[in-house]
Structure formats: C-alpha cells, structure tokens
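Reader: I've got a model open on my screen and I'd like to learn how to read it. Could you walk me through it, one feature at a time?

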Number of protein chains: 2
Amino acid sequence: MHPTLVNGKPGDTIGVTDRGLQFGDGVFETIAVIDGRPRHWQLHMARLQRSLAKLKFHDRPDPDLLYHEAIGLCADQPRAVLKLIITRGDSQRGYAVPADAQCHRILRLTPWPEWVTPPVGGGVKATLCQTRLARQPALAGIKHLNRLEHVLARLEWDSEYAEGLMCDDHDLLIEGTMSNVFLIREGALHTPLLNHCGVEGVMREHVLETAQSQGIEVEIQPLHRLTLREFDEVFLTNSVIGIWPVQSVDEMQFPLGPITQQLQQAINR
Amino acid sequence: MHPTLVNGKPGDTIGVTDRGLQFGDGVFETIAVIDGRPRHWQLHMARLQRSLAKLKFHDRPDPDLLYHEAIGLCADQPRAVLKLIITRGDSQRGYAVPADAQCHRILRLTPWPEWVTPPVGGGVKATLCQTRLARQPALAGIKHLNRLEHVLARLEWDSEYAEGLMCDDHDLLIEGTMSNVFLIREGALHTPLLNHCGVEGVMREHVLETAQSQGIEVEIQPLHRLTLREFDEVFLTNSVIGIWPVQSVDEMQFPLGPITQQLQQAINR
C-alpha cells in the first residue's frame, strides 16, 4: 500500500496554494504504530480537536474517516510512525480564510526510527538551547505547523545530543524540541506549565495520568531553568520515544532513578 | 505560460515532505508586477537574503536563476502579483535539517487584486486586532512562513475593515496583518521599531528612503497603541497596495493629510 494518503487518495504532493505551506496554517500529530494499530488514538484525536478549535478551524476532518484511513495505512505494520497533518485548505493569496475553505488531510507512514531506544540502563544526553520560545498564549499547548523556533533550536547541535531543552524569554524551562520534560524531586513529579508556550504532548498527558494512578504526586507549574540542578531525575517523553531517561543536560548529571523506571515500566505495559 | 513554477518547472504541487508544509520552514516575498517587470526586485532580493540568513539556510537559491524565472513569468503582464516562496527543502521527519537538503523555490503569478485602490481622496477603515504578536527577536523583521498569528488576527473581521492593526503583548503597535503602519505628527514620520516582532516590508523600506530623500523627519521607535490618537495622519504600506491612507482605526478618525499625499505621489512616480 502507498504510505501516504492526501485527502484520502494515495499521493505524495499537495497544491502550492495549501495554507499549510503558505502560512503554516494547520496542525499535526505524530503517532506510534504498534502491531498495526495507532497507539493512543483517542488522546491524539482529542488533542487534534483542541488544536483545531484553538486555531478556529471552521471545517474539520471527520474523525471516523481519519480513523478509517489511519487503520488502513497501519495494517500489517509491526512498528511504524504515522504523521497526520491537517491544514485549513487552499487560499489563492492573503490571510483571509475563504468561506468555502475545506481542510486538507495528509496521513503519512514512515519506518520506525532506529534511534528511539536509548542504551539499556542508561539515558540520553541533552543540552540547553540558546533559541528561546516566544510567549504566545493563543498558540500555546497545541501542535501547530509554525515550528521555526524548534527548527532553529535543532540547528544548534549535530549528533552529540539526543535532544535540546528550550526555555522561554523569562528563563522558564518549557520543553524539548520534540519532547516534553519531566523532573523528579523528593519523589514528586514536576513538569512545566504550558500556558504561554510549548506543546502539550499526548505522551505527557498519558504519563501524568499514569503517575496519578500510581499515587505519585504531580506538580504542573512554571520551572526556572536554574532549578534544573536541584532535581534528582529527569526524563523526556513523546509518542514515539515513550520515556527517555536523561543522563545529562550539558555538564549536569542525572542518575536513572526509581520514579523514571517505575513510569517506564507502567507505560510500556 | 503556466502561472506557477516549482523548482523551475511548470506545476502546481509540492511534495508532502517539504519543510515549508511540515514546519513553515521557509520565507516568502509578495511582489508587484507592473508592465512585465517585478517592482523593487533588488529590495525584495535583499530582504529575502536577510530572511534566509536569519533562518540559517545553508542552501540558498541562485539570485540570477530566480530573476530569470521571475522575468519569464511576468513577461506580458501589465499588472499582476508574484509570490515567491523559498523552503528549506525536504525532510522525511523531525526538525533536524538533512546535510544534503536543497531549498525549494515556488514562483506563482496571480491577478492584480481589485481591492487595492482605495476611493479617490479617501482612505481605508482599519481596526485594532485582539490577537497579539509574540516577541521573538530570532524571527523579527523577516517574512517567514510561520504566519498563524496573522491568520488568527485576520479571522477577527470579515469585510467591514480593509486591514487590522496588531500590537505585541506589551501593547506596542507593531504592524497591520499584511502591511506596515506609519504615523505622522507635526510633520514627522513615525513607524514602529520591529526588533521584537513584525515584518520589515519592502515598501516600508522604500517609503523610509523616500521620506528621507524628501527631507521629512523620520523616527523609528516603540509606539504604544494608546498614542495612536495623538497622530495627525496614518497610512499603511505594502508592495502591492503601495500607500493606503487610513481614514479610521475603529472610532478614531484621521484626515487624508499632506505628508501622506506627498509620499503617495513620490512613490507612484
């Protein structure tokens, strides 16, 4: 089967009038596919709807149709990654949304990446990026297509780190370029509040729910980057990597600790 | 001739792996075409180069090739609009830029829009938008493809206004959704400093140079939105509209004044 569906049809292109290209006017989801099924589909669809609502999309994709197309693409895939892009459709020119604009959907299956699994018993190396995230409540939390800040941050290193952590211009720690960040101190799980910037990842949500169901105390609040060294454990999450223990952020070292391992085991179940 | 060239070939589509679609990873120029020639080509190319440098593009389009393609598209066009998009090329997945990424170029000609000319002796009606611009020095000034803020601002009105003015989250007046803003007080021309957000338009640059050559005092500085009512004249600029006198911003009225008319005549020469 062709790995890409554009508006339901096998294909690899979109029109140059697509607002996703012209303005980044759209949203996306990156979904782990395991044993032929998109994982955490309902959480992804809930986040997609929140994103489309925040961007005031009038026309939205039919959830049943999306599911049908996703399942068709994922069938017979032991492991893969499904990227789903929804754009606001076409515009000839200018920001105004045509009254008859119909959203476009692109579903694309790519092979499971090799770099996902960190060494057994170890973690990944991270760095603090210089590129800052702008504070924009109108776009905070959602996974939209305006990702230049993350592209610029990712340009700061080559392969010496697995991930870069990003702060806003108030020196608050927000997220990784492609992940959410969790920190543990005295048995409590902390993660940044994402009301001004950052993406509320599906795996972040799943980890928060899992922690609460396991009786782990959870704190969601602003976290200054200078407090990073006060934490006992650090880990990163996204839908494909699951949980990545962090062994270092630049010169700061962190052990692979008990809460990280407990949550890893819980989400891998 | 086909109105769109994608990497030099007539066509209307790009690949779904294009980073312009995936991340808004690119820049654009909107150029007035008059009598078969792209107007202010050198200013547009200079801004394009500044934009690509700020986004750290390794591979950039050949300026001679761009000119050759633009001239070919524009030939025999009395009036039209040329939109030029440059993206960072393809990526299979993830923000990292492949070492061999080659930029993509899209040139697209559209008809001259009808709404460009305001009524003779009059101006346009504008409104102050609720949507704020985030402060992001890493992206300020350039015309990149991350335009969700402008899309959200443009959704605030239908056709009752010709343009919406946008402020940052410090209540500083920055720009229109598709234009730059100029204000005149006691014969001096003021326009907002764009070091934290906003697009440094080619027509803004041309108007600033024209004003200086005509001996008009020019001030580029932060402008609080509450000072708007203290100005005698207001106008908007972009490459297609040239100069639009503003007759009102919501309930505030402005006359069509002498400096605006002087600059209109100068740039239309």
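Author: Sure. Keep in mind that this is a predicted model. Let's start with a salt bridge: the side chains of A:Asp171 and A:Arg132 meet in one, at 2.6 Å from N to O.

Reader: Where in the chain do A:Asp171 and A:Arg132 sit?

Author: Both are in loops. A:Asp171 lies in the loop between β9 (163-167) and β10 (173-176) of chain A, while A:Arg132 belongs to the loop between β8 (124-128) and α4 (148-154) of chain A. They are 39 residues apart, so the pair links distant parts of the chain.

Reader: How many salt bridges does a search of the whole structure find?

Author: 20 over all chains. The rule asks for a side-chain nitrogen of Lys or Arg within 4 Å of a carboxyl oxygen of Asp or Glu.

Reader: And how many salt bridges does the rule find across the interface of chain B and chain A?

Author: That count is 0. Polar contacts are another story: 23 residue pairs make them across the interface of chain B and chain A, with both residues at pLDDT 80 or more.

Reader: Which elements of chain B give two or more residues to the side that touches chain A?

Author: Here you can tick them off on the screen. They are β1 (4-6), β3 (13-15), α1 (19-23), β4 (26-34), β6 (79-87), β7 (104-111), β8 (124-133) and α4 (148-154) of chain B. Of these, α4(B) gives the most, with 6 residues. By type, the residues on that side of chain B divide into 25 nonpolar, 18 polar and 16 charged.

Reader: How do I put a number on the contact: how many residues, and what area is buried?

Author: Count residues, then look at area. The contact takes 59 residues from chain B and 59 residues from chain A. The area buried between the two chains is about 4,500 Å², and carbon and sulfur atoms give 64% of it. In chain B, the residues that lose the most area to chain A are B:Arg93, B:Tyr95 and B:Leu148, together 18% of what that side buries.

Reader: Why do the copies meet through the same surface?

Author: Compare the two lists of interface residues. 100% of the interface residues of chain B are also interface residues in chain A, so the copies meet through the same surface. Now try superposing them: a rotation of 180° with 0.0 Å of shift along its axis puts chain B on chain A, with an RMSD of 0.0 Å. That is the relation of a two-fold axis.

Reader: Which strands pair between chain A and chain B, and in what sense?

Author: Look at β3 (residues 13-15) of chain A, which pairs with β3(B) in the antiparallel sense over 3 bridges. For a landmark, find A:Thr13, whose bridge partner in β3(B) is B:Gly15.

Reader: What about inside a chain: in what order do the strands of the open sheet in chain B run?

Author: Read the sheet strand by strand. In chain B, 6 strands form an open sheet in the order β2-β1-β7-β6-β4-β5, with antiparallel pairing. β2 (9-10) and β5 (37-38) of chain B stand at the edges with a single partner strand each, so one side of each has no neighbour in the sheet. At one of those edges, β1(B) and β2(B) pair over 2 bridges, and B:Leu5 stands opposite B:Pro10 in β2(B).

Reader: How many bridges join β6 and β7 of chain A?

Author: There are 8, between β6 (residues 79-87) and β7 (residues 104-111) of chain A, which pair in the antiparallel sense. To find your place, start from A:Thr87: its bridge partner in β7(A) is A:His104.

Definitions and conventions. Residues are numbered from 1 along each chain as its sequence is written. Chains are lettered from A and ligands numbered from 1 in the order in which they are written. This is a predicted model: local features need pLDDT of at least 70, side-chain atom pairs count only at pLDDT 80 or more; totals for chains, interfaces and linings use all residues. Side-chain values use heavy atoms; hydrogens and water are left out. Contact means heavy atoms within 4.5 Å. Buried area is the accessible area (1.4 Å probe) that two parts lose on being put together, summed over both. A polar contact is a pair of N or O atoms within 3.5 Å; within protein, one must be able to donate a hydrogen and the other to accept it, and residues adjacent in sequence count only if both atoms are side-chain atoms. Helices (H or I, at least four residues) and strands (E, at least two) are DSSP runs, numbered from the N terminus. Ala, Val, Leu, Ile, Met, Phe, Trp, Tyr, Cys and Pro count as nonpolar, Asp, Glu, Lys and Arg as charged, and the others, Gly among them, as polar. Two strands pair if DSSP finds at least two bridges between them. Copies are superposed by least squares on the C-alpha atoms of residues with pLDDT of at least 70 in both.
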